[in-house]
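Please look through the following structure with a reader's eye for how its strands, charges and surface patches are arranged. The paragraphs below it take up these topics in turn.

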Amino acid sequence: MAFGAGAANAAIVVGGENGYEFSVDGNINQFYIYSDQDSATAAGLDQSNAQIANGLLPTFFGFNVSAPEINGLKVGARVSISPSTNDGSYFGGALEQGGGAMEQREAFATVDGSFGQILAGKALGLYSSNNILLDQTLFGVGATGLIASGDQNSAVTTLGRIGWGYDYANWRSQFRYTTPDMNGFKAAFAIVDAEDYAYQGATTKFEKDPRYEAQLSYATAFDGGSMKLWADYMSQKIDGETGGVEVAEDRIDAYTVGGQLILGGFEAVATYYDNEGQGIGGFGVLGGFETNGDAREGDGYYVQAGYRFAGKTFLAASYGESTLDRDNNNVTAGGFGDLDANEMVTVGIYHDVTANLKLVAEYSKMETEYYIQSDEDEVDVISLGGFVTW
């Protein structure tokens with residue numbers, strides 16, 4: 001149940017009567033984040049900006065309840081809160097993770113048995129979940145914006161590689177079924193509360209059908225290492241209306257494939273995704289559709305390699321990019337409508353001083369290229385900080 005807790009690697013467990021258990025886990029993370037922007041747009045800010053803020057992960061405080069097994073069924077539940085350490089810097093209402101300094105990302109129950117697991121509630125989505133959970137910037141900062149132009153002040157959290165190599169998995173209200181482990185293979189299927197999309201050509205957006213997500217994975221261990229492979233898929237119908245009349249209807253979908261290899265101290269990750277109507281980062285309003293309402297196609301990938309010294313110090317480097325097909329109806333240079341590609345390279349050192357204290361030093365270079373605008377925008381990001389976990 002600590003799956004969504006991110007940096008938490010332990011839990012404080014209290015035993016109750018009749019086999020019940022209650023536990024808490026979480027983290028506090030804080031970074032000094034310096035970003036230096038070189039903007040090619042006429043209205044470019046060319047910021048030199050310093051923040052004291054959370055990284056990609058917010059802080060977490062998780063509460064878990066585990067019931068004793070009865071008739072072969074094991075019932076549990078998790079609720080977490082994510083109070084941000086920074087509450088005054090946002091890069092636009094549409095991009096705020098939670099609209100303020102306090103988020104609620106998890107509230108779910110699980111039922112485990114010989115049939116597998118059923119999850120009901122709010123949890124990390126299936127689509128693109130491994131992409132973000134295995135990204136080195138999960139314990140760092142990564143990108144400070146979804147594009148290298150404009151304001152680079154982060155919102156409740158930074159972005160890691162969201163929009164710079166993969167779509168955001170997001171925290172979604174869902175029913176999910178996961179099969180038992182079948183010689184390393186697992187399959188999971190979820191029916192999810194659909195997202196609202198600001199669909200072009202409509203003044204009102206509404207949900208009509210749920211979102212569907214699926215994941216197939218394979219994991220195995222061998223002498224000196226392990227391997228994991230996965231493939232995810234999502235699909236959602238979107239509708240829009242004007243004056244009570246439906247004027248727009250479309251379906252967005254996406255898939256991603258990836259793998260991780262651990263061999264001794266060496267660790268490598270590679271992922272690829274392809275989407276339609278998702279825009280940059282999986283936020284459909286950000287370049288997901290052409291000006292005439294047609295869905296734009298996009299894809300991207302990231303590759304990552306690192307070495308873990310003595311099991312405590314992880315030195316890693318990665319490169320990733322997210323691209324969008326041209327909006328042939330867009331004539332405005334710069335911005336999401338003109339976006340061709342986001343590219344970012346990241347180098348970081350992640351050192352476990354103790355099991356509860358991690359120190360991080362990270363550098364990222366962000367570049368955004370356009371179809372109409374001839375020059376790219378660039379941002380250099382340097383971050384220093386770390387995690388306290390329990």
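What follows is a walk through strand pairing, salt bridges, surface patches and two backbone positions.

The coordinates belong to a predicted model, and every statement here should be read with that in mind. A convenient place to begin is strand β7, which covers residues 116-124 and pairs in the antiparallel sense with strand β6, residues 102-113, over seven bridges. The two strands form a hairpin, with two residues between them. On its other pairing, β7 is joined by eight bridges to strand β8, residues 171-178, and these two strands also run antiparallel. The residue L119 lets the reader follow both pairings at once, since L119 in β7 is the bridge partner of T110, while L119 also stands opposite R176 in β8.

Strand β6 leads on to the salt bridges, of which the structure holds nine. In one of them the side chains of E106 and R78 meet, with an N to O distance of 2.9 Å. Because E106 lies in strand β6 and R78 in strand β5, residues 74-83, this pair ties together parts that are 28 residues apart in sequence. Both partners are out of the way of solvent in the sense used here, for E106 is buried and R78 is buried as well. The contact does not stand alone, as D25, R78 and E106 are linked in a network of salt bridges.

Further along the chain, K365 offers a second place to study charged side chains. What does K365 meet in a salt bridge at 3.4 Å, N to O? The partner is E378, whose side chain meets that of K365 at this distance. The pair links distant parts of the chain, with K365 in strand β18, residues 357-370, and E378 in strand β19, residues 377-389, the two being 13 residues apart. K365 also forms a salt bridge with D380, and here the closest N and O atoms are 3.3 Å apart. Since D380 lies in strand β19 and K365 in strand β18, this pair ties together parts that are 15 residues apart in sequence. The surroundings of these side chains can be read from their relative accessible areas: K365 is partly exposed because its value is 21%, and D380 is partly exposed, also with 21%. E378, by contrast, has a relative accessible area of 18% and is therefore buried, the cut-off for that label being under 20%.

The surface carries a patch of negative charge, in which D36, D38, D46, D375 and E376 gather. Among these residues, D46 is found in the loop between β2, residues 21-38, and β3, residues 48-53. With a relative accessible area of 42%, D46 is partly exposed.

A nonpolar patch is also present on the surface, formed by F222, L261, L263, F266, Y307, F309, L315, V345, V347 and I349, which together have about 830 Å² of accessible area. The elements that give two or more residues to this patch are β13 (245-263), β15 (297-309) and β17 (339-354). Which element provides the largest share of the nonpolar patch? That element is β17, with three residues. Y307, one of the patch residues, has its place in strand β15 and is partly exposed, with a relative accessible area of 39%.

Two backbone positions complete the walk. Most residues other than glycine have a negative phi, and it is against this background that the next two residues deserve a look. S128 has a positive phi of about 75° although it is not a glycine, and its place is in the loop between β7 and α1, residues 129-133. A310 likewise has a positive phi, of about 55°, without being a glycine, and A310 lies in the loop between β15 and β16, residues 313-324. Are these two loop residues buried or exposed? S128 is buried, because its relative accessible area is 1%, whereas A310 is exposed, with a relative accessible area of 79%.

Definitions and conventions. Residues are numbered from 1 along each chain as its sequence is written. This is a predicted model: local features need pLDDT of at least 70, side-chain atom pairs count only at pLDDT 80 or more; totals for chains, interfaces and linings use all residues. Side-chain values use heavy atoms; hydrogens and water are left out. Two strands pair if DSSP finds at least two bridges between them. Helices (H or I, at least four residues) and strands (E, at least two) are DSSP runs, numbered from the N terminus. Patches are made of residues with over 30% relative accessible area and no salt bridge: like charges are joined within 9 Å, nonpolar side chains (Val, Leu, Ile, Met, Phe, Trp, Tyr) within 5 Å. Accessible areas come from the Shrake-Rupley method with a 1.4 Å probe; for residues, only the protein chains shown count as cover. A salt bridge is a side-chain nitrogen of Lys or Arg within 4 Å of a carboxyl oxygen of Asp or Glu. Lys and Arg count as positive and Asp and Glu as negative; His and the chain ends are not counted. The place of a charge is taken as NZ of Lys, CZ of Arg, CG of Asp or CD of Glu. Buried means under 20% relative accessible area, exposed over 50%, partly exposed in between (1.4 Å probe, protein chains only).
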